[in-house]
Amino acid sequence: MPFSGADSGMYTVSGLGSRKQAVRNAGGGTLDLAIAMLHTSKMDTSYAYAGNKFGDAANFGIFMQNWHMIRQTAPQFSGQTSSQWNNGAALNWNLELDVATRKNAYKYYGRDKWFAGHRDGETGLNDPDTDDINLYKAAISWIEEQISSNSKYLSDDTRFWVHVPAS
């Protein structure tokens, strides 16, 4: 069933099943798989370094987590400043740290604020109920529902996607 309100679908990505398993072995669940799937086709960090951003807006790891939320919630980065944003690159090569950091931020902010901050940084944290943030949340939820609909999607090469325009 397609996602309502945006282009969506599924296709096969060779090797994605092993990546899904690596995420699960690092402590990730269906929400982690869904977030990573939305951001990159291979659930990896092959995007432009820091998402072509810097400071608190810089993005790291398979979830493209922003430095502001990383440094606010991950014990390893506690007390660091916006100018130390390059330290977030550790998430690009340490999948366990990436998953743990995402979970820490989710626990710290709660579901709605986490989605808002993840989608739109500090602006989202201050205004978590925009149409853009709600579309982003709904897209992740749809992908997670697809993954959960059949256990084979936890380990096969199927990628679910939703086109959510950049904010």
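The exercises below work through the core, the salt bridges and the surface charges of a predicted model.

Residues are numbered from 1 along each chain as its sequence is written, and side-chain values use heavy atoms, with hydrogens and water left out. Because the model is predicted, local features need pLDDT of at least 70 and side-chain atom pairs count only at pLDDT 80 or more, while totals for chains, interfaces and linings use all residues.

**Exercise 1. Describe the largest nonpolar core and name the elements that build it.**

Step 1. A nonpolar core is a set of buried Ala, Val, Leu, Ile, Met, Phe, Trp, Tyr and Cys residues joined through side-chain atoms within 4.5 Å; buried means under 20% relative accessible area, exposed over 50%, and partly exposed in between, with a 1.4 Å probe and protein chains only.

Step 2. The largest such core holds 33 residues, and those with the most contacts inside it are Leu38, Ile140, Ile143 and Ile147.

Step 3. Two or more residues each are given to this core by helix H1 (16–25), helix H2 (30–39), helix H5 (95–109), helix H6, helix H7 (131–148) and strand E4 (158–162), where helices (H or I, at least four residues) and strands (E, at least two) are DSSP runs numbered from the N terminus. The largest share, seven residues, comes from H2.

**Exercise 2. Find which parts of the chain the salt bridge between aspartate 156 and lysine 20 ties together.**

Step 1. A salt bridge is a side-chain nitrogen of Lys or Arg within 4 Å of a carboxyl oxygen of Asp or Glu, and the whole structure contains six of them.

Step 2. In the pair of aspartate 156 and lysine 20, the closest N and O atoms are 3.1 Å apart. Aspartate 156 lies in the loop between H7 and E4 and lysine 20 in helix H1, so the pair ties together parts that are 136 residues apart in sequence.

Step 3. Lysine 20 counts as buried, because its relative accessibility is 0%.

**Exercise 3. Compile the salt bridges of arginine 119 and arginine 111, with the accessibility of each partner.**

Step 1. Arginine 119 forms a salt bridge with aspartate 132, with the closest N and O atoms 2.8 Å apart; this pair links distant parts of the chain, with arginine 119 in helix H6 and aspartate 132 in helix H7, 13 residues apart.

Step 2. Arginine 119 is buried at 16% relative accessibility, whereas aspartate 132 is partly exposed at 24%. Salt bridges that share partners also join Arg111, Asp112 and Lys137 into one network.

Step 3. Within that network, arginine 111 and aspartate 112 meet through their side chains at 3.1 Å, N to O. Arginine 111 is partly exposed at 37% relative accessibility, and aspartate 112 is partly exposed at 41%.

**Exercise 4. Locate asparagine 134 and tryptophan 142, and state whether each is buried or partly exposed.**

Step 1. Asparagine 134 has its place in helix H7 and is partly exposed at 28% relative accessibility. Its C-alpha lies 8.6 Å from that of phenylalanine 115, although the two residues are 19 apart in sequence.

Step 2. Tryptophan 142 is also found in helix H7, but with a relative accessible area of 9% tryptophan 142 is buried. Between tryptophan 142 and phenylalanine 160, 18 residues apart in sequence, the C-alpha to C-alpha distance is 9.0 Å.
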